[in-house]
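These are my notebook entries on one protein chain. I record what I looked up, entry by entry.

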Amino acid sequence: ACSPLLGLPHEILREILLILSQIWPPSHIHCGHGASGHTTDSGSPSEFLGWISLGHVCRLLRFVLLDYHTLWAAVIGVFPKAQDECLLRAGRFAFALKVDSFTCKHTASRVRFMVDHLTQTREIRVTQPRAQRGVVDNWPLNPAAVSGLEYPFLERLTLDMRLSNEHYRRVTSDVFDLAPMRAPRLRSLTLCDFYVPFNARTLTS
């Protein structure tokens, strides 16, 4: 059934896969339920491969997908147990790292992975409800730790920590005197209950 598709030049296949990756992204959900809403037998996180499933169709699609490094760069961190494999498939491309403790079971390991690869990231997004502490308790970077450091690929940064009063007391006014991090490509910055020293001249949102 997919023979006409497989006859297309690889460049056209890549364009199709790019569009498909935007409407059929992989996702990692930990809620004890499958896609239909029913509880899974094992109670383990339900993993939905999205466009990655096409690599199981045939050898040609798998080859094209494995060679499409930017697609893998966009999903590093979606599946905690496959972070290193996705990093390998991304090649040298800057990638996106996202931690959402609303749905993420493996918060500690994902935060550690994120911190270890901060200088390679294009987008960082961390969200945490106030009632949970998974990200905050495992986030080792205070404002001084990123002061003056270089993040050459970073374009979007979102840190939505929802800190408690206990964490607020740890932030003193001298953090606003710190040298900004060096992120010449940074265009979008969102900070909630957290602070990093930044240069506003590059921002558009």
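**Entry 1: Ser21.** I looked up the contacts of Ser21 in this predicted model. Setting aside residues up to four places away in sequence, I found that Ser21 touches Trp51 and Leu71. Ser21 belongs to helix 2. Is Ser21 buried or exposed? Its relative accessible area is 13%, and the limit for a buried residue is under 20%, so I entered Ser21 as buried. I also noted that the side chain of Ser21 reaches the backbone oxygen of Leu18, at 2.6 Å.

**Entry 2: helix 2 against helix 3.** I next examined how helix 2, residues 10-23, packs with helix 3, residues 59-66. The angle is about 75° and the axes lie 10 Å apart. Because angles of 65 to 115 degrees count as roughly perpendicular, I recorded helix 2 as roughly perpendicular to helix 3. Which residues of helix 2 meet helix 3? They are His10, Leu13, Arg14 and Leu17. On the side of helix 3, I listed Leu60, Leu61, Phe63, Val64 and Leu65. I sorted the residues of this contact into seven nonpolar, one polar and one charged.

**Entry 3: the buried face of helix 3.** I then asked which residues of helix 3 are buried. They are Leu61, Val64 and Leu65. Viewed down the axis of helix 3, these buried residues fall within an arc of 100°, so they line one face of the helix. As a reminder to myself, an α-helix has 3.6 residues a turn, so residues three or four places apart point the same way. The buried residues of helix 3 pack against helix 1 (3-6), helix 2 and helix 4 (69-73).

**Entry 4: helix 5.** I repeated the search for helix 5, residues 83-90, and found Gln83, Cys86, Leu87, Arg89 and Ala90 buried. Why do I place them on the same side of helix 5? They cover an arc of only 165° around the axis, which puts them on the same side. Asp84 and Leu88 are exposed on the other side of helix 5. Just after helix 5, I noted that Gly91 takes a positive phi of about 65°.

**Entry 5: Thr158.** I found Thr158 in strand 5, which spans residues 156-160. Its relative accessible area is 18%, so I entered Thr158 as buried. Leaving aside neighbours within four places in sequence, I listed Ile124, Arg125, Val126 and Thr190 as the contacts of Thr158.

**Entry 6: Ser205.** I located Ser205 in the segment after strand 6 (188-192). With a relative accessibility of 54%, Ser205 counts as exposed. Which residues does Ser205 touch, not counting those up to four places away in sequence? They are Arg187, Ser188 and Leu189. The side chains of Ser205 and Ser188 are joined by a polar contact of 3.3 Å. I also compared Ser205 with Leu189: they are 16 residues apart in sequence, and their C-alpha atoms are 6.5 Å apart in space.

**Entry 7: the whole chain.** I closed with the chain itself, in which I counted nine helices and six strands. Of its 205 residues, 38% count as buried. Among contacts between residues at least 6 apart in sequence, 64% join residues at least 24 apart.

Terms used: Residues are numbered from 1 along each chain as its sequence is written. This is a predicted model: local features need pLDDT of at least 70, side-chain atom pairs count only at pLDDT 80 or more; totals for chains, interfaces and linings use all residues. Side-chain values use heavy atoms; hydrogens and water are left out. Axes are lines fitted to C-alpha atoms, for helices over the stretch in contact, and angles run from 0 to 180 degrees between N-to-C directions. Helices (H or I, at least four residues) and strands (E, at least two) are DSSP runs, numbered from the N terminus. Angles under 35 degrees count as roughly parallel, over 145 as roughly antiparallel, 65 to 115 as roughly perpendicular and the rest as oblique. Contact means heavy atoms within 4.5 Å. Ala, Val, Leu, Ile, Met, Phe, Trp, Tyr, Cys and Pro count as nonpolar, Asp, Glu, Lys and Arg as charged, and the others, Gly among them, as polar. Buried means under 20% relative accessible area, exposed over 50%, partly exposed in between (1.4 Å probe, protein chains only). A polar contact is a pair of N or O atoms within 3.5 Å; within protein, one must be able to donate a hydrogen and the other to accept it, and residues adjacent in sequence count only if both atoms are side-chain atoms. The arc is that of the directions from the helix axis to the C-beta atoms.
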